[in-house]
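Please open the model in a viewer and keep the sequence at hand. The tour below proceeds by selections, each followed by a note on what is found there.

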Amino acid sequence: MKTVLTIAALTASAGIANADVYITEWMYSGNGGEFVEFTNTGSTAVDLTGWSYDDDSAIPNVFNLSGVLAPGESLIITEDDAEVFRAAWGLSASVQILGGYTNNLGRSDQINLFDANGNLVDRLTYGDQAFPGTIRTQGASGNPGVLGADDVTTWSLSFIGDAYGSWASSNNDIGNPGSFVPTPGALALLGLGGLAAARRRR
Ligand SMILES: [Ca+2]
Ligand SMILES: [Ca+2]
Ligand SMILES: [Ca+2]
């Protein structure tokens, strides 16, 4: 019970409007195109119509999302053409990819995910210069330790054979785009998602 309360406090402090969809991977620069990954960790599908993504300007409706995320499904946004990205990483046709994002994530930047009402759903603020000791996702992606906390110090760099199932793209970038394997820390939050759903049902 104590653990649940701690996680609830983290979630509230981040101002999260929807606790089921999280930032689950990012690479701000690579030999191929930069990308971010969002995953629906909840137990019901999420319609992304009206949802949007932006970098540190943090404005809703800059890059509009589309599609429906099934429970456990991930969505990728990249500056590459979607099919170029799919081929480089060897992803199947079923993986949802939105290409052509041009705002450019830099070495110090922010990832913001908004729902259809323009409310912040999740945020990751990063920069290895601004936050010394944290990862620099250049040529290798970052993976979350604690979901939804906006704490880059809990994130770790991908390497081949890691717990997230990472591999090398044809451009020799390392990552695991298109799927999310929850770590024990993330699983704790999935438990919170179930509680939140139970509360909504009451
Ligand atoms: Ca930027
Ligand atoms: Ca970039
Ligand atoms: Ca992933």
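**A tour beginning at strand β9**

Begin by selecting I111 in the chain and looking across to β10, where L124 stands opposite. Seven residues of the tour's starting strand, β9, span positions 108-114, and 5 of its 7 residues are buried. A residue is called buried if 20 or more other C-beta atoms lie within 10 Å of its own, exposed if 12 or fewer, and partly exposed in between, the C-beta atoms being placed from the backbone. Helices (H or I, at least four residues) and strands (E, at least two) are DSSP runs, numbered from the N terminus.

The model is predicted: local features need pLDDT of at least 70, side-chain atom pairs count only at pLDDT 80 or more, and totals for chains, interfaces and linings use all residues. Residues are numbered from 1 along each chain as its sequence is written, while chains are lettered from A and ligands numbered from 1 in the order in which they are written.

**The whole chain**

Display the entire chain before going further. The chain contains 3 helices and 14 strands. Of its 202 residues, 41% are buried. Among contacts with a separation of 6 or more, 57% join residues 24 or more positions apart; a contact requires C-beta atoms, placed from the backbone, that lie within 7 Å.

**The sheet around β9**

Select β9 together with β10 (residues 120-127). These two strands run antiparallel and are joined by 7 bridges; strands count as paired if DSSP finds at least two bridges between them. They form a hairpin with 5 residues between them, and G118 in the turn has a positive phi of about 80 degrees.

Add β4 (residues 52-54), which pairs with β9 in the antiparallel sense over 3 bridges. Y53 has L113 of β9 as its bridge partner. Next add β5, which is antiparallel to β4 and shares 2 bridges with it; here S52 stands opposite N64. The open sheet of 4 strands is now on display, in the order β5-β4-β9-β10. Because β5 (63-64) and β10 stand at the edges with a single partner strand each, one side of each is left without a neighbour in the sheet.

**F114 and the loop between β4 and β5**

Select F114, which belongs to strand β9. F114 is buried, with 26 other C-beta atoms within 10 Å. Leaving aside neighbours within four places in sequence, F114 is in contact with W51, S52, P60, N119, L120 and V121. Which distance separates F114 from P60, C-alpha to C-alpha? The two are 6.1 Å apart in space, although 54 residues apart in sequence.

Move to A58, in the loop between β4 and β5. A58 is not a glycine, yet has a positive phi of about 55 degrees. Most residues other than glycine have a negative phi. A58 is partly exposed, with 14 other C-beta atoms within 10 Å. N61 lies in the loop between β4 and β5 as well, and its phi is near 70 degrees, again a positive value in a residue other than glycine. Is N61 buried or partly exposed? N61 counts as partly exposed, with 13 C-beta neighbours inside 10 Å.

**The largest nonpolar core**

Select V21, I23, W26, V36, F38, I77 and L113: of the 34 residues in the largest nonpolar core, these touch the most other members. Such a core is a set of buried Ala, Val, Leu, Ile, Met, Phe, Trp, Tyr and Cys residues joined through C-beta atoms within 7 Å. At least two residues of this core come from each of β1 (21-27), β2 (35-40), β7 (74-78), α2 (82-89), β9 and β10. The largest share, 5 residues, is supplied by β1. Beyond four places in sequence, the contacts of V21 include F38, L69, L113 and V121.

**Helix α2**

Select F85, R86, A88 and W89, the buried residues of α2. Seen down the axis of α2, they fall within an arc of 165 degrees (taken from the directions from the helix axis to the C-beta atoms), so they line one face of the helix. These buried residues pack against β2, β7 and β8 (96-98). Just after α2, G90 takes a positive phi of about 65 degrees.

Methods:
Two residues are in contact if their C-beta atoms, placed from the backbone, lie within 7 Å.
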